[in-house]
Amino acid sequence: YFRWSVSIGPNLIYKDLLEESLIFPYNTEERVCVLPSVLLPRDMSEIDAKIEELVPGVKRSDLRLSMTDYISGEGNLKTGDLWENSIVSSLAVRGFLVKKIQNQPRFQMKDIYDTNDDYIKNCFAKIGAVNFCKVRRMEEVYVTANLDSEFIYHNEKTSTAHHDIVIFAASPHGCNGAIQAKYSLHDPNSGVILDQLDKQAVLLWFYLGASEIQAPNFLNEKLKEATKNHRLAFLNGSGCVSALTIDVLILLKQFNHFVDAARQDHKRKRLV
């Protein structure tokens, strides 16, 4: 976020841009505004340093994705990492902003994830109060650990971690949250979900689906029981990740499918 009174160039003042509707107010009491990326300066080092100071562990590149930057031979592996990073960073930034605006040390998940779904809200309520506003990238952290709840723990340094992301409740009456960020457009497999459930956590399953679903038909009896107890929710990220980033990731997923299919077709023709 940016203060209205700050200058971004020789003759550009945020207040003037606001009056000309080139930037948009975010919180009038705090005098904070949001601006389009086309107005950002070319040298982003100062902004990168400020982001690291305000929300440690978050990188600007995780919040704003570009199609051309991420089409590479690494395919779904690399874009899967982008999906995880966008969720982690978006949650951390929203946590920071909510704490700043509300001037409260704790908040609820529903304060930072936009949803009108009562079932999802009940899953969030089971987690209870949280206070994360920083990111810590780890080898592996389990939901059974007892760590600083000011951090979102991203198990990015190992591909075999039990959960991708872990958040810890800020209250002894709450329940820790385990997040799986699946870079998939399709419904997950029941067996995989069952393996991720933990008696001490609420499982938030993020995937690039068209909608957020409560109790899909593919769930077996054990998973249906988990949904009854508000311990399992399916989210498509639309409540925290920017719509543009989600669109880019979906397009990259479709692009990778197209490339993989073309490669397989080429191999078959060579064998013939």
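Here is a walk through this predicted model, from the overall build to a few strands, a pocket and some single residues.

Some ground rules come before the tour. Residues are numbered from 1 along each chain as its sequence is written, and side-chain values use heavy atoms, with hydrogens and water left out. Since the model is a prediction, local features need pLDDT of at least 70 and side-chain atom pairs count only at pLDDT 80 or more, while totals for chains, interfaces and linings use all residues.

Start with the whole chain. Its secondary structure comes to 8 helices and 11 strands; helices here are DSSP runs of H or I with at least four residues, strands are runs of E with at least two, and both are numbered from the N terminus. Of the 272 residues, 44% count as buried. Buried means under 20% relative accessible area, exposed means over 50%, and partly exposed is in between, using a 1.4 Å probe and protein chains only. Now take the contacts between residues at least 6 apart in sequence: 60% of them join residues at least 24 apart, where a contact means heavy atoms within 4.5 Å.

Next, look at strand 10, residues 201–207. Seven of its residues are buried, 7 of the 7, so strand 10 is largely enclosed by the rest of the structure. In a regular strand the side chains alternate between the two faces of the sheet. On strand 10 both faces are covered, with A201, L203, W205 and Y207 buried on one side and V202, L204 and F206 buried on the other.

Strand 10 has partners to follow as well. Strands pair if DSSP finds at least two bridges between them. Strand 9 (176–182) pairs with strand 10 in the parallel sense over 7 bridges, and strand 10 is joined to strand 11 by 4 bridges, also running parallel. W205 is a handy place to see both pairings: Q180 stands opposite W205, and W205 in turn stands opposite F234 in strand 11. L204, meanwhile, stands opposite A233 in strand 11.

Strand 11 covers residues 232–235, and both of its faces are covered too: L232 and F234 are buried on one side, A233 and L235 on the other. L235 has a relative accessible area of 0%, so it counts as buried. Hop from L235 to I120 and you cross 115 residues in sequence, yet the two C-alpha atoms are 8.5 Å apart in space.

Just before strand 11 sits H230, in the loop between helix 7 (221–228) and strand 11. Its phi is near 55°, a positive value in a residue other than glycine, and H230 is partly exposed at 25% relative accessible area. N103 does something similar in the loop between helix 4 and helix 5 (118–127): phi of N103 is near 55°, again positive in a residue other than glycine. N103 is exposed, with a relative accessible area of 64%.

Helix 4 (75–102) is worth a stop of its own. S86 lies in helix 4 and counts as buried because its relative accessibility is 0%. Leaving aside neighbours within four places in sequence, S86 is in contact with D62, V241, T245 and L249. The C-alpha atoms of S86 and K59, 27 residues apart along the chain, are separated by 9.6 Å.

Helix 4 also takes you to the second largest pocket, where it gives the largest share of the lining, 4 residues. A pocket here is an open set of points on a 1 Å grid over the protein atoms alone, where a 1.4 Å probe fits, with protein on both sides within 12 Å along at least five of seven lines; lining residues have an atom within 4 Å of a point. About 310 Å³ of space lies in this second largest pocket, the volume being the space filled by probe spheres set on the points, which are joined across faces, edges and corners. The lining has 18 residues, with D81, E84, T158, S159 and D164 nearest the centre. Helix 4 and strand 9 are the elements that give two or more residues to that lining.

Last, the cysteines. C175 counts as buried because its relative accessibility is 14%, and C240 is buried at 7%. A search of the whole structure finds 0 disulfides, a disulfide being a pair of cysteine sulfur atoms within 2.5 Å.
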